[in-house]
Amino acid sequence: MMKTTRSCVAILCLALGLTALMPAMTNAQTVTQGKAPVSATQEALAAKVDQLSAQLGNMEKSLENSKPNQAALDEMRQQVGPIVTESQTIVDRMTPRLKALQARLDQLGPKPDTKAPPESAEVTKDRTDAQAQFDGTSELLKRAKLLAVKAEQDDHYLGARQRAEFNHNLFQRETSIVSPPLWLGVIQDTPANIGRVTAAFDDWASGFNANLTGIKLVVFWAIVLVILLLYWPLTRLARRVLHAERKIEHPNDWQKIIAACWVSISVSALLIALMYCVAFAFSFFSSPDTRLLPLFSAIQGGVIRVALAAGLARGILSPDHPNWRLVNLDDKTCDKLIRIIIAVAIILSGTRIIEALNEVIGASLPFSVAARGVGALLVAAAMSAALLNLGDDPQADTSGAAKSTARRDWYGLIRGVAWTVILAITVSVLIGYVAFGSFLVEQIVLIGATGAVFFLAATLVEDACTLGLEPGSLFGRTLIYTVGLRREGLEQLAILLAGMLRLVLIAVAALTIMVPWGLQSTDIPGNLYAIFFGFKVGDFTVSLAGIAFAALTFLIVIAATRGIQGWLENQYLPHTRLDAGLQNSIKTSLGYLGFILALAVAAANLGVDFQKLAIVAGALSVGIGFGLQSIVNNFVSGLILLWERAVRVGDWIVVGSDQGYVRRINVRSTEIETFDRAAVIIPNSNLVSGIVKNLMRTDRVGRLMIELTVDGTADPEEVRTALIDIARDNDAILSLPSPQVRFINLTASAMTFDLYCFVADVESMVRTKSDLYFEIHKQFKERGFFNGPAPDPLAIKIDGLDRLETILHGVGSRSDSEEPRPRKTAASA
């Protein structure tokens with residue numbers, strides 16, 4: 001018994017202890033579960049943020065501890081660009097997740113206080129997990145945003161440092177090209193520089209010959225010989241392919257641009273391919289000397305420059321075939337231009353090769369300044385010769401004065417800019433700014449090459465779009481038969497497509513020209529990302545992608561609205577008992593609602609805050625009220641017309657001196673069509689606030705009134721009976737209300753009657769009135785109602801006329817008895 005009692009007591013104590021421990025265990029479990037597990041994706045993103053932060057920190061330390069040059073700054077910017085892009089990507093990925101977690105917390109609500117009823121453990125656990133995930137995501141998002149801001153700031157700082165370094169190097173003044181000490185230094189350093197060049201090439205030749213022994217030497221020169229021998233047949237083949245096309249005497253624009261592109265590619269590509277094949281053979285059979293790498297790179301660049309200049313010049317100017325020429329120039333001018341263009345490319349390439357050679361041998365500063373200055377002056381001289389040889393506008397055409405004037409104006413502008421650049425190059429070199437003059441030369445060559453390529457590409461794109469989208473082309477017929485485009489639509493599509501591609505070409509050309517000014521390749525993806533995916537202006541994000549998506553949703557909603565309107569107008573409303581005016585009101589109101597809904601959806605996709613928009617609209621309401629008062633008044637009046645339906649589509653209305661049928665009630669005005677088929681536009685406010693006569697407001701019954709004057713000898717009763725009979729015999733006249741005749745005027749010689757009758761359709765009132773007139777004239781003529789004695793002549797009595805005659809008679813007699821008196825003149829006075 002004692003053992004049983006002790007066992008019961010022990011079990012009871014154990015149960016009480018477990019009961020007391022349950023809240024603590026529950027709280028511990030809640031705390032343990034409160035730390036929500038972090039997903040593997042979030043952990044990877046956090047590790048990526050740490051890595052990018054460390055990389056950015058190391059770069060900032062190296063930037064503080066040293067003074068990097070232009071090359072080092074370029075390398076740093078290439079490292080910062082990906083950091084900006086990746087951090088922004090992390091921000092874009094985490095922002096929707098944070099908003100989703102915030103929505104979950106808003107649904108769960110805050111934790112209830114002690115006085116409120118207790119919530120379930122599952123709700124508490126969900127709130128704790130969501131809060132933990134929200135805190136972790138928020139922290140990671142803040143770190144990513146901070147990293148993105150720091151990377152953008154560093155990128156801007158590096159860009160500013162690059163521009164400052166570029167301006168310092170560009171506008172650093174050196175010795176003038178005409179300075180005697182400069183040329184004395186060049187003369188003194190020339191023997192030593194020649195010795196260094198000879199030694200460098202001897203070392204390279206020795207190493208090259210040491211690597212090529214025996215069979216390797218034979219194979220190498222055999223390959224070089226084969227490459228050189230292949231150049232001639234390939235050139236002949238390219239010319240033969242082109243010669244087959246050149247037999248056409250009158251080629252079209254498409255054939256001209258294709259031939260120009262083929263000549264440009266064949267001439268330049270073959271030279272460049274030959275150069276690269278020889279360079280590959282040298283690098284394959286012998287290890288290159290690292291000291292001569294700048295020289296070899298300059299030689300390759302020079303060959304590419306000359307090849308592109310020759311190809312583009314011969315392709316565009318076509319010196320041997322004037323009928324295939326893309327520009328309107330004569331043969332002599334084209335030959336001069338081609339020679340000058342190739343000469344400029346050779347001069348610039350030779351200058352760059354000499355600069356690379358100076359770098360290889362470590363030449364003195366006067367030697368480098370002299371080489372760059374002389375090269376810049378030679379380019380300026382070649383450009384001057386080209387402008388002087390061209391003379392006046394070479395494209396001038398006496399057959400069209402307007403076109404000649406327009407071309408001459410453009411040619412004069414280009415010529416003026418060219419002379420300004422030539423003068424700037426010459427003056428810069430002469431006063432010591434050799435770097436700036438050399439930079440202008442590079443820009444001229446780059447702009448010329450880019451402009452030539454852009455001209456070819458733009459012409460090719462425009463002709464391709466025009467020919468490819470012709471109604472008779474294969475693609476054009478496919479669009480017409482499958483998509484349902486019209487011929488006018490194909491022309492518009494071709495113009496739009498050509499315009500869009502031209503904009504892309506302009507952007508590429510502008511980026512190419514901006515490269516020497518410090519534009520980095522890493523800037524382009526970042527700028528494109530910012531343009532397409534958003535950049536912030538305050539709290540508002542502007543992006544082409546958002547604008548495009550908003551425009552797409554706007555068009556979709558508008559298209560859906562138009563579809564519903566068409567279904568109502570053509571399918572549903574015609575089968576109802578609603579009149580045409582009410583049907584038009586329903587359709588137009590639905591169009592307004594659809595437009596407002598489309599604007600709201602588009603604004604929501606753009607991220608527009610409607611509260612702030614309401615504040616701005618309230619602030620601008622006063623100005624809008626004064627400036628757009630008339631438009632707002634007409635718009636509201638249009639809504640009143642649609643819903644009050646005092647004037648409906650199809651009604652016959654009279655407004656002032658204009659009358660006709662209402663054809664359309666628009667946002668601002670109402671269009672009525674008069675009986676002579678003219679359209680009259682009336683502001684809606686005039687219809688609401690003015691006096692409008694609506695002949696169809698309640699029904700289509702119209703009253704017809706005819707006023708007649710008959711002979712005074714006629715019998716009034718017979719006249720009334722005749723008029724009533726004539727009206728009743730007409731099928732268009734209603735029997736109820738019955739026709740009525742009113743005797744309205746009586747004179748000694750005439751009587752006047754009014755005939756009143758009603759027609760079922762007011763639109764037939766004019767025709768019915770004409771029929772009644774014909775019948776009345778016929779019967780009244782037969783009955784003699786218009787026959788009678790001739791009316792007495794009218795006698796008009798004027799009071800005081802006798803006195804006026806007496807006065808006039810007295811004046812006449814007095815003037816006859818008196819002699820005329822001489823008139824006073826200024827001399828006699």
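**A run of three strands and a negative patch**

In the hairpin formed by E3 and E4, 2 residues sit between the strands, and Gly656 adopts a positive phi near 65 degrees. The model is a predicted one.

The two strands of this hairpin can be followed by residue number. E3 covers residues 652-655 and E4 covers residues 658-665. Their pairing is antiparallel and extends over 4 bridges. One position to look at is Val654, which faces Gln659 of E4.

E4 also pairs with strand E5, residues 669-673. These two strands run antiparallel and are joined by 4 bridges. The connection from E4 to E5 is a hairpin of 3 residues. Within this pairing, Val662 has Ile672 of E5 as its bridge partner. E4 thus appears in both pairings, with E3 and with E5.

The other feature to examine lies on the surface and involves helices. A patch of negative charge is made up of Asp725, Asp729, Asp731, Glu775 and Glu782. Two helices, H21 (716-729) and H22 (765-783), each contribute at least two residues to the negative patch.

Glu782 serves as an example of a patch member. This residue belongs to helix H22. Is Glu782 buried or exposed? Its relative accessible area is 62%. Because exposed means over 50% relative accessible area, Glu782 counts as exposed.

Methods. Residues are numbered from 1 along each chain as its sequence is written. This is a predicted model: local features need pLDDT of at least 70, side-chain atom pairs count only at pLDDT 80 or more; totals for chains, interfaces and linings use all residues. Side-chain values use heavy atoms; hydrogens and water are left out. Two strands pair if DSSP finds at least two bridges between them. Patches are made of residues with over 30% relative accessible area and no salt bridge: like charges are joined within 9 Å, nonpolar side chains (Val, Leu, Ile, Met, Phe, Trp, Tyr) within 5 Å. Accessible areas come from the Shrake-Rupley method with a 1.4 Å probe; for residues, only the protein chains shown count as cover. A salt bridge is a side-chain nitrogen of Lys or Arg within 4 Å of a carboxyl oxygen of Asp or Glu. Lys and Arg count as positive and Asp and Glu as negative; His and the chain ends are not counted. The place of a charge is taken as NZ of Lys, CZ of Arg, CG of Asp or CD of Glu. Buried means under 20% relative accessible area, exposed over 50%, partly exposed in between (1.4 Å probe, protein chains only).
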